[in-house]
Amino acid sequence: MFGFGTEYVGWAFWLPLLWAAILGVAITMYVVVDGFDLGIGIIFTAAYNDNWRDRMMFSVAPIWDGNETWLILGGAGLFCVFSMAYAILMPALYIPILIMLIALIFRGVAFEFRFKADASRRIWDYAFHYGSLLATFAQGIVLGAFVQGFKVQGNQFAGGTWDWLTPFSIATGLGLVCGYGLLGATWCVMKTTGELEIWSRQKAFQFLIATVVLMGIVSAWVPLLGVQIDRRWFAWPNIVVLAPVPLLTAFVAYRIYRTLEDGYAAAPFLLSIGLFLRGFLGLAISLFPYLVPPSVTIWQAANTVESQLFALVGYAFALPITFAYTAYAYWVFRGKVAEQIAAGGYG
Amino acid sequence: MLPVFFVFRGMVAIGFAMLGLGVWHLYLRWKGTLFTNRLFLTAAMLMTPSGFGAVLLGWFTAEIGRQPYVVYGQLRTADAVSPVTTGAVTISLATFFVAYLIVFGFGSYYLAKLLRKGPDPVETMPGAGSLALTSSRPLSVANEGLEGPSGTRRPGAPLPAE
């Protein structure tokens with residue numbers, strides 16, 4: 001696997017690798033942490049009453065906006081370090097990213113406005129639900145578009161406005177909705193009590209099945225797309241090294257099912273994160289070293305060594321600080337949400 | 001360019017007006033009439049949206065002032081345009097316009113309700129301890145719902161554990 005980029009030497013070889021790793025961490029963190037609070041929104045309107053919805057929202061209210069920091073870290077890193085990829089990807093994904101941003105606006109203000117409204121409260125229930133749903137779906141479409149690849153000529157996107165819209169990208173969009181729904185439901189299992197917790201376990205189980213089915217469909221679909229990914233997975237000897245990856249997925253999915261049944265609180269959520277990390281690893285193996293598949297590698301897209309080092313100084317401070325305050329916020333708001341919200345938040 | 005001349009001076013004027021309000025406040029505080037001087041209170045109220053205005057004017061200064069460049073003297077706007085169709089840009093602009101209209105519309109509505117309601121006396125606050133009195137989100141007065149009796153719901157952040 002290491003025939004790539006060897007025409008680059010020294011810093012010019014290692015820095016793009018390091019930056020790809022940093023962006024990988026930022027995107028993974030984003031998918032995991034914003035995944036569960038978007039997932040809360042996905043199952044939000046299915047909850048039986050307002051008390052449940054209050055508790056679900058309280059379980060993420062102190063941390064959700066911090067979670068979105070990772071999206072900014074990822075986007076800014078792409079812009080600073082891989083400007084060329086940024087310039088190709090943004091026009092290619094203009095509409096899905098627009099949808100994502102608008103959806104995130106509505107779901108974000110829903111946190112503020114929902115508690116100010118009585119008569120208009122329903123509006124914000126649905127703004128939160130559909131905002132989360134659409135943002136997730138758009139992210140899933142972006143994921144599918146990545147796997148499909150982008151039409152590039154020279155250093156510019158040469159495809160059409162709607163290239164991203166295919167049956168495959170719709171399948172990945174639905175897949176991500178199910179996946180985030182699973183994260184959200186298992187988060188509720190961990191953070192709530194009583195009937196809401198039991199209901200969350202049922203929801204988690206349903207979303208688990210849907211996630212596994214859609215992961216299977218997408219995985220089976222990829223070789224039919226005619227892209228280069230399947231060559232990496234099915235070529236000898238890679239197939240021996242990579243064969244455990246799908247098996248690991250099946251095992252993790254089974255463990256989520258067992259821990260949901262057996263009444264574990266945190267295990268289903270942590271295992272669901274494991275399922276996502278596994279999916280992300282699979283994607284990274286598939287796409288590396290392309291940043292704009294199938295034509296632009298991380299080395300081709302990278303800015304000058306000076307620019308990369310300059311941005312690295314900033315990230316050397318920003319990343320640890322972000323990790324630290326994220327961890328602190330989760331620590332402060334650990335434990336289950338109280339059943340009677342009016343009586344005082346966390347018990 | 002003429003617009004840049006005016007928006008820049010508008011921004012600076014607002015900045016000095018803010019400074020002036022601050023100095024005036026210090027003077028009244030020293031005199032002990034800060035909370036009773038109606039002229040000052042009216043001026044403070046009128047200055048409420050000034051920060052918003054200054055930011056907007058500042059952006060106009062930067063964005064209009066640097067034309068026809070996006071990177072001054074280096075890269076012209078015409079050369080920096082992404083290969084995005086006019087249709088797509090029209091859609092995004094229209095969508096943002098509508099979205100902001102809705103969000104600011106509702107925001108102003110809730111803000112107006114909040115202002116009309118006025119501050120509650122502290123004694124009517126339910127919940128225990130000083131934490132219940134702390135507002136934790138931008139549009140929130142501490143521990144109260146907007147419509148309906150005060151304290152029916154806890155907005156914003158839950159209390160820390162233990």
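Ile91(B) counts as partly exposed, because its relative accessibility is 38%. Its place in this predicted model is helix 5 of chain B, which covers residues 86–117. Ile91(B) also joins Trp162(A), Leu165(A), Ile170(A) and Leu174(A) in a nonpolar surface patch of about 450 Å². From that patch we can move on to chain B, and then to some spots in chain A.

**Chain B overall**
- Chain B has 5 helices and 2 strands, and along the sequence they are arranged as α-α-α-β-β-α-α.
- Of the 162 residues in chain B, 23% are buried.
- The accessible surface of chain B is about 10,900 Å², and carbon and sulfur atoms account for 72% of that area.
- If you take the contacts in chain B between residues at least 6 apart in sequence, 44% of them join residues at least 24 apart.

**Helix 12 of chain A**
- Helix 12 of chain A runs over residues 244–261; at 1.5 Å a residue its 18 residues should span 26 Å, and the end C-alpha atoms are indeed 26 Å apart.
- Its buried residues are Val245(A), Thr249(A), Val252(A), Ala253(A), Ile256(A), Thr259(A) and Leu260(A).
- Viewed down the axis of helix 12 of chain A, these buried residues fall within an arc of 130°, so they line one face of the helix.
- A helper for picturing this: an α-helix has 3.6 residues a turn, so residues three or four places apart point the same way.
- Leu247(A) and Glu261(A) are exposed residues on the face of helix 12 of chain A that is turned away from the buried side.
- Just after this helix, Gly263(A) takes a positive phi of about 85°.

**Phe36(A) and its surroundings**
- Phe36(A) sits in helix 1 of chain A, residues 11–44, and it counts as buried because its relative accessibility is 1%.
- Beyond its neighbours within four places in sequence, Phe36(A) is in contact with several residues, including Val60(A), Leu183(A), Trp187(A), Phe269(A) and Tyr330(A).
- Trp299(A) is 263 residues from Phe36(A) along the chain, and their C-alpha atoms are separated by 33 Å.

**Two cis peptide bonds in chain A**
- The bond from Phe288(A) to Pro289(A) is cis, with omega near 5°; Pro289(A) lies in the loop between helix 13 (267–287) and strand 3 (290–292).
- Pro293(A) and Pro294(A) are also joined by a cis peptide bond, with omega about 0°, and Pro294(A) is in the loop between strand 3 and strand 4 (296–297) of chain A.

**Salt bridges**
- Over all chains, the whole structure holds 14 salt bridges.
- Asp50(A) pairs with Arg121(A) in a salt bridge, with the closest N and O atoms 3.1 Å apart.
- Asp50(A) is in helix 2 (residues 50–60) and Arg121(A) in helix 7 (residues 121–148) of chain A, so this pair ties together parts that are 71 residues apart in sequence.
- Asp50(A) is partly exposed at 26% relative accessibility, whereas Arg121(A) is buried at 9%.
- Arg201(A) and Glu197(A) form a salt bridge at 2.7 Å, N to O, and both residues are buried.
- These two are 4 residues apart in helix 9 (residues 194–221) of chain A, which means about one helical turn separates them.
- Asp262(A) and Arg258(A) meet in a salt bridge of 3.3 Å, N to O; Asp262(A) is partly exposed at 46%, and Arg258(A) is partly exposed at 29%.
- Salt bridges that share partners link Asp50(A), Arg53(A), Asp54(A), Arg114(A), Arg121(A), Arg122(A) and Asp125(A) into one network.

Definitions and conventions: Residues are numbered from 1 along each chain as its sequence is written. Chains are lettered from A and ligands numbered from 1 in the order in which they are written. This is a predicted model: local features need pLDDT of at least 70, side-chain atom pairs count only at pLDDT 80 or more; totals for chains, interfaces and linings use all residues. Side-chain values use heavy atoms; hydrogens and water are left out. Patches are made of residues with over 30% relative accessible area and no salt bridge: like charges are joined within 9 Å, nonpolar side chains (Val, Leu, Ile, Met, Phe, Trp, Tyr) within 5 Å. Accessible areas come from the Shrake-Rupley method with a 1.4 Å probe; for residues, only the protein chains shown count as cover. A salt bridge is a side-chain nitrogen of Lys or Arg within 4 Å of a carboxyl oxygen of Asp or Glu. Buried means under 20% relative accessible area, exposed over 50%, partly exposed in between (1.4 Å probe, protein chains only). The expected span of a helix is 1.5 Å times one less than its number of residues. The arc is that of the directions from the helix axis to the C-beta atoms. Contact means heavy atoms within 4.5 Å.
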